[in-house]
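I open this notebook to record what I looked up in one structure. The entries follow the order in which I went through it.

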Amino acid sequence: LPRLPRRARAAEEEEEEFTLEDSVAEDWGEWDDLEDVGAEGDTSFLFDASDGDDDDGPEAGDNLFGFEFTAPLTLWTIPEVASVGATLDKAKAEGWADDAVVGKASYGDLARGRLSGDVDGFLKVVAQREGPGKHVVKGVHIIGEGANELVQLASILVHSNATLEQVSGTPFAAVTLSGLFQMAADDALAKVRAAEALA
């Protein structure tokens, strides 16, 4: 069961009145000090209504999608689509494409993927070389059954600066879709080794 805030529990024990406003003030500071806080459904942060512009749609779109989207993006479609972090296009735009490496794993190459019947699904990982034997995961993109669940692990990898080497060396449970991460990391590292052999 959820616990009441500390002050609310103390007030309950002493039979004092404790309001929702008291609870919010305890958690977030005084009401008057709160700025730029919107209620659910508040879209005012998307555009400046005071500019007199009747066509705020493009401005709202720029504000909504014009920044780096670091939280996982999930689309509840068939097949599911999920993504977090950088793409290869972003690597090119930011000038680190020469240090980028991409690995891919197909659902069809994994027992759990074949069991799901979604053999066309895949997981793609984008990493950046940051030194010998260190390739940091910068983005993960998934299409297929369970993508919207798998992206949670992807988000942890991206935000913790995990490396392909760490992912490759991590034991994953058998007959699970999470094994796609290891397969994609192995694929990317195989490409790195092949490129190093040619150099």
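**Entry 1: the cavity**

I searched the predicted model for enclosed space and obtained a count of 1 cavity of 30 Å³ or more. For the largest cavity I noted a volume of about 40 Å³.

I then asked which residues line the largest cavity. The lining consists of L123, V125, V137, V140, L157, L164, V167, F181, A184 and A185. Strand 4 (122-131), strand 5, helix 7 (164-168) and helix 8 (179-198) each give two or more residues to this lining. Helix 8 supplies the largest share, with 3 residues. I sorted the lining by class and recorded 10 nonpolar residues, no polar and no charged ones.

**Entry 2: H135**

I turned next to strand 5, which spans residues 134-143 and holds H135. Is H135 buried or exposed? I found a relative accessible area of 4% for H135. The limit for a buried residue is under 20%, so H135 counts as buried.

I looked for a polar partner of this side chain and found that the side chain of H135 makes a polar contact with the side chain of E165, at 2.6 Å. I also listed the contacts of H135, leaving aside neighbours within four places in sequence. Among them are V101, A127, Q128 and R129. The list continues with A162, T163, L164 and E165, and it also includes L189 and V192. E165 thus appears in my notes both as a contact of H135 and as its polar partner. L164, another contact of H135, is also one of the residues lining the largest cavity.

**Entry 3: L88**

I placed L88 in helix 4, residues 88-94. Its relative accessibility is 31%. Partly exposed lies between the limits of 20% and 50%, which is why I entered L88 as partly exposed.

Which residues does L88 contact beyond four places in sequence? I recorded A100, V102 and V126. For L88 and A100, which lie 12 residues apart along the chain, I noted a C-alpha separation of 7.4 Å.

**Entry 4: confidence**

I closed with the pLDDT of the chain. Its mean is 76, and 65% of the residues reach 70 or more. I marked two stretches for caution. Over residues 1-5 the pLDDT stays under 50, and the model has 5 contacts beyond four places in sequence for them. Residues 54-68 also have a pLDDT below 50. For residues 54-68 I noted 15 contacts in the model beyond near neighbours in sequence.

Technical notes:
Residues are numbered from 1 along each chain as its sequence is written. This is a predicted model: local features need pLDDT of at least 70, side-chain atom pairs count only at pLDDT 80 or more; totals for chains, interfaces and linings use all residues. Side-chain values use heavy atoms; hydrogens and water are left out. pLDDT is the predictor's confidence in each residue, from 0 to 100. Contact means heavy atoms within 4.5 Å. Helices (H or I, at least four residues) and strands (E, at least two) are DSSP runs, numbered from the N terminus. Buried means under 20% relative accessible area, exposed over 50%, partly exposed in between (1.4 Å probe, protein chains only). A polar contact is a pair of N or O atoms within 3.5 Å; within protein, one must be able to donate a hydrogen and the other to accept it, and residues adjacent in sequence count only if both atoms are side-chain atoms. On a 1 Å grid over the protein atoms alone, a cavity is a set of points where a 1.4 Å probe fits but cannot get out, and a pocket is an open set with protein on both sides within 12 Å along at least five of seven lines; lining residues have an atom within 4 Å of a point. Grid points are joined across faces, edges and corners, and a volume is the space filled by probe spheres set on the points. Ala, Val, Leu, Ile, Met, Phe, Trp, Tyr, Cys and Pro count as nonpolar, Asp, Glu, Lys and Arg as charged, and the others, Gly among them, as polar.
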